[in-house]
Amino acid sequence: MSKSRQRLLVLCVVFAISVSGLLVRPLAAADDFAAENKLFRDWVVASDIIRESYVESPDYELLTRASISGMLRTLDPHSNFYDRKSFDEMRREQRSHYFGIGATIQQRFRGVYIIEPFKGTPAVRAGLRYGDQIVGIDGKNTENWNSDQVRNSLRGELGTTVNVAVRRAGVADPVTVAIERGTVDLPSVSTFYLARPGIGYINLSRGFHSTTSDELSTAIGMLKEQGARSMILDLRGNPGGFLDQAIKVSDKFLDRGQIVLSVRGREGRVPNRDWPAESGSPESFPLVVLINRNSASASEIVAGAVQDHDRGLIIGESSFGKGLVQTIFPLSGGAGLTLTTARYYTPSGRLIQRDYSNGSFYEYLSRRNAEGAVVPQTPVNDERKTDLGRTVFGGGGIEPDVKVVAPVPTNAQFNIWSSGLFMFTRELLAGGVEGAANFKFDGLKFGHKLQPGEFAITDQIVKSYRDYMVDFIAKNPELNITAAMVEENLTWLRGKMREEVLLAFYGLDVAQRGIADQDPQLQRAIQELPNAAQLAERARRVTQKTSRN
């Protein structure tokens, strides 16, 4: 494409976006239109200066993306622009699948590694396994790539082939495999099981996609067949997703006519709407919902509806605080954007959105995750009441009924785990640790029923780990790890090592079951189920009395 045509494309796209609002709103006042026209002329002049005077020939596609992204970034943290590839990936993931090899990858010690290949995926068929370091993709050396670069190269068009080279513990030379990219399912419900006799546990942590409601119905049905009489719905880490799926999930627990949420948009532009529950035959079992600082958007809709109607107890930590509704707008050339078009409110009238006007968007998005970060308190001036008259607040996410703060690894723990502990575990699974032959790993086994005490980390393995770390610390002084730090955190590291071993042998879901007794939020949820049952019964009686009157 010629430079003149590239520049014309940039101007057309930016002009179309800058005036698109005129198509969906009353005619702007003359002075407003004049101001917009002047800004557009300024953009044209600036573009000409860049084209004529910049030290290198500019990338017009990059300028276009930056122009659109810059406009959106002046609005709020959740309005975003996507190029064609990113937009396609987002839409596929919302449909609960993507095209790639099908494996969790993570950046750990000086590289990007396979952590868990998914059942029935190309990664499993190719023999990839936990601990494989990805060192090459299609002939390119990837040892210095980050996880995003590796992920983007592993994904691609359905049916295309990608050549992946991995460095495997215990194998001298890199192993190269040709993998045909396939459809990789992304179910919202990662696992469900009986946490205790009669107590069902459902992990719904992977977002609200197009299949979420159906997946949840299936999980509930199977758990009830196994004897579940109460449920724990785990929304920790759930980033949100489709609004209609959040409504359908909430609908499973609420009586017909109870409001799930209200949506309020810009006056005269987006119609206000209340969404009532419509099921007419909701599940009546005692319910606890788990949330944490990474539970956002659709997961907050569900937690807020359950809490406001006193249908169950919310346990964990304050949620993220995202109460903005994004609408997806396709653009030319396969690109697209998500634009905030409304705010949502819980049944009691709470706005869940956290303030983002002070500080940078980076601070807004990251401050709830950083170690030692100060999380702003929920504003006390937005006080609301649940159906039973319990006090709740808006403007800062969902505050749990029972607050249980999960222990977060310290910087020292994370540093040791992601480097020395991880590398030792690779050696352990490769059969390189004396006296631990039963830990030698041949590949992931799916559908395993974990036995009590399986893969316990013995004192002999701990001694080998200590010896290994002496040499590791000496060879990697830049990590600032000391033997004293290892000793101080040895109990935690021992538990983490077993978790990594279970992850390698049986996958994340089984590994999480294996350490469930170390999960204080889950254990508290089990304890609180009788109180959740009493709360729901009180709310049911009030609802029945109100309906009779």
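Here's a quick briefing on the cavities in this structure. Keep in mind that the model is a predicted one. Searching the whole structure turns up 2 cavities of 30 Å³ or more. The largest comes in at about 40 Å³, and the second largest at about 30 Å³.

**Largest cavity**

- Its lining is made up of Ile202, Leu216, Ile220, Met231, Ile232, Leu233, Phe253, Phe285 and Leu287.
- Two elements, α7 (212-225) and β12 (230-234), give two or more residues each to that lining.
- β12 has the largest share of the lining of the largest cavity, with 3 residues.
- Chemically, there's nothing mixed to deal with here: the lining of the largest cavity has 9 nonpolar residues, no polar ones and no charged ones.

**Second largest cavity**

- Around the second largest cavity you'll find Val462, Tyr465, Leu490, Leu493, Arg494 and Met497.
- Helices α12 (459-475) and α14 (490-506) each put at least two residues into this lining.
- α14 gives the most to the lining of the second largest cavity, namely 4 residues.
- The lining of the second largest cavity splits into 5 nonpolar residues, no polar ones and 1 charged one.

**Side by side**

- For the largest cavity the top contributor is β12, while for the second largest cavity it's α14.
- No polar residue lines the largest cavity, and none lines the second largest cavity either.
- Charge is where the linings part ways: the largest cavity has no charged residue, whereas the second largest has 1.

Methods
Residues numbered from 1 in each chain as written. Predicted model: local features only at pLDDT ≥ 70, side-chain atom pairs only at ≥ 80, totals over all residues. Heavy atoms only, no water. 1 Å grid on protein atoms, 1.4 Å probe; cavity = no way out; pocket = protein on both sides within 12 Å on 5 of 7 lines; lining within 4 Å. Points joined across faces, edges and corners; volume = space filled by probe spheres on them. Nonpolar A, V, L, I, M, F, W, Y, C, P; charged D, E, K, R; others polar.
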